[in-house]
Amino acid sequence: MYNILVCDDDKDIVEAISIYLETAGYNVIKAYDGFEALKCMNESEIHLIIIDIMMPNMDGIRATRKIREESHVPVIFLSAKSEDADKILGLDVGADDYVTKPFNPLELVARVKSQIRRYTEFSGVAEENTDDRLIKNGGLVINDSAKSVTVDGDEVRLTPLEYNILKFLTENRGRVYTTAQIYEAVWEEDSIASDNIIAVHIRHIREKIEINPKEPRYLKVVWGQGYKIEKL
């Protein structure tokens with residue numbers, strides 16, 4: 001059973017989300033501000049976090065920054081704000097998804113299932129006697145059995161979504177993909193206003209795999225068309 005941490009200063013929202021998650025078979029751990037969320041992270045094994053942005057004492061942004069120092073556990077932000085700037089800020093600090101209040105509880109559960117699946121696939125241990133599945137491009141090596149990435153022999157730590165984006169583009173190196181195509185391939189759902197989401201993740205990947213992100217060797221933008229991994 002997966003442990004889902006739900007954090008919101010509105011206890012009614014926490015209870016409502018808990019009912020739907022528990023009906024779907026998840027164990028729910030409750031918190032009501034960022035400090036309580038961090039305490040829960042230290043006390044329990046958490047597989048996914050649903051956290052509100054605007055909370056007293058410690059908000060969701062500050063809490064997620066602290067969480068990302070130690071963990072790549074999926075984070076879904078809740079917020080009454082729907083502007084692109086708020087979504088980008090959430091993604092910048094390490095969120096994997098963003099749900100705007102009021103939300104459809106069944107959609108939230110579906111997003112939880114999707115993030116849990118990606119996280120468990122990313123974190124899972126490869127079966128014994130299975131040959132490493134290596135995807136190589138120049139000094140960039142993706143070991144899909146171990147879900148690891150190295151650049152010129154140095155290990156690079158990516159989130160599950162960053163890993164899946166990089167893997168998708170590297171498997172299809174040399175080909176240009178639009179933001180919508182990348183979103184639909186990685187998220188496995190229809191793309192709706194995905195440009196900013198993809199742009200933020202691409203920037204994070206570049207910062208991790210490129211010596212100079214402003215002059216990338218691997219992950220390049222084709223202006224007006226999309227992104228590609230340069231074939232080396």
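## A buried salt bridge

Asp 96 has a relative accessibility of 5% and so counts as buried. In this predicted model, Asp 96 pairs with Arg 68 in a salt bridge whose closest N and O atoms are 3.0 Å apart. The two residues come from distant parts of the chain, 28 residues apart: Asp 96 sits in the loop between helix 4 (84-92) and strand 5 (97-100), while Arg 68 belongs to helix 3 (residues 60-68). Arg 68 is buried as well, at 15% relative accessibility.

## Two bridges to helix 5

The total number of salt bridges comes to 19, and two of them are worth a visit together. Glu 189 meets Arg 111, with 3.8 Å between the closest N and O atoms. Because Glu 189 lies in the loop between helix 7 and helix 8 and Arg 111 in helix 5 (residues 105-123), this pair ties together parts that are 78 residues apart in sequence. Glu 189 is partly exposed at 30% relative accessibility, whereas Arg 111 is buried at 17%.

Glu 188 forms a salt bridge with Arg 117, at 3.2 Å from N to O. Here, too, a residue of the loop between helix 7 and helix 8 is joined to one in helix 5, so parts 71 residues apart in sequence are tied together. Glu 188 is exposed, with a relative accessible area of 54%, and Arg 117 is partly exposed, with 30%.

If you like networks, look at Arg 133, Asp 144, Lys 147, Lys 167 and Glu 171, which are linked to one another by salt bridges.

## A buried glutamate without a salt bridge

Which charged side chain comes nearest to Glu 210 with opposite charge? That is Arg 206, 5.5 Å away, and Glu 210 is buried yet has no salt bridge. Glu 210 is found in the loop between helix 8 (195-209) and strand 10 (219-222).

Its side chain does find backbone partners: the side chain of Glu 210 reaches the backbone nitrogen of Arg 217 at 2.7 Å and that of Leu 219 at 2.9 Å. Leaving aside residues up to four places away in sequence, Glu 210 touches Pro 216, Arg 217, Tyr 218 and Leu 219.

## Aromatic rings

The whole structure holds 2 aromatic pairs. One of them is Tyr 183 with Trp 187, stacked at 4.5 Å centre to centre with 5° between the planes. Both residues lie in helix 7 (residues 179-187), 4 residues apart, or about one turn of the helix. Tyr 183 is buried at 6% relative accessible area, and Trp 187 is buried at 3%.

Elsewhere, Lys 11 lies over the face of Tyr 32, 5.1 Å from the ring centre.

Terms used
Residues numbered from 1 in each chain as written. Predicted model: local features only at pLDDT ≥ 70, side-chain atom pairs only at ≥ 80, totals over all residues. Heavy atoms only, no water. Phe/Tyr/Trp six-rings, centres within 6.5 Å; stacked < 30°, edge-to-face > 60°. Buried < 20%, exposed > 50% of the residue type's maximum accessible area, 1.4 Å probe, protein only. Lys NZ or Arg CZ within 6 Å of the ring centre and 35° of its normal. Lys, Arg positive; Asp, Glu negative; His and termini not counted. Salt bridge = Lys/Arg side-chain N within 4 Å of Asp/Glu carboxyl O. Polar contact = N/O pair within 3.5 Å; in protein donor to acceptor, adjacent residues only side chain to side chain. Contact = heavy atoms within 4.5 Å.
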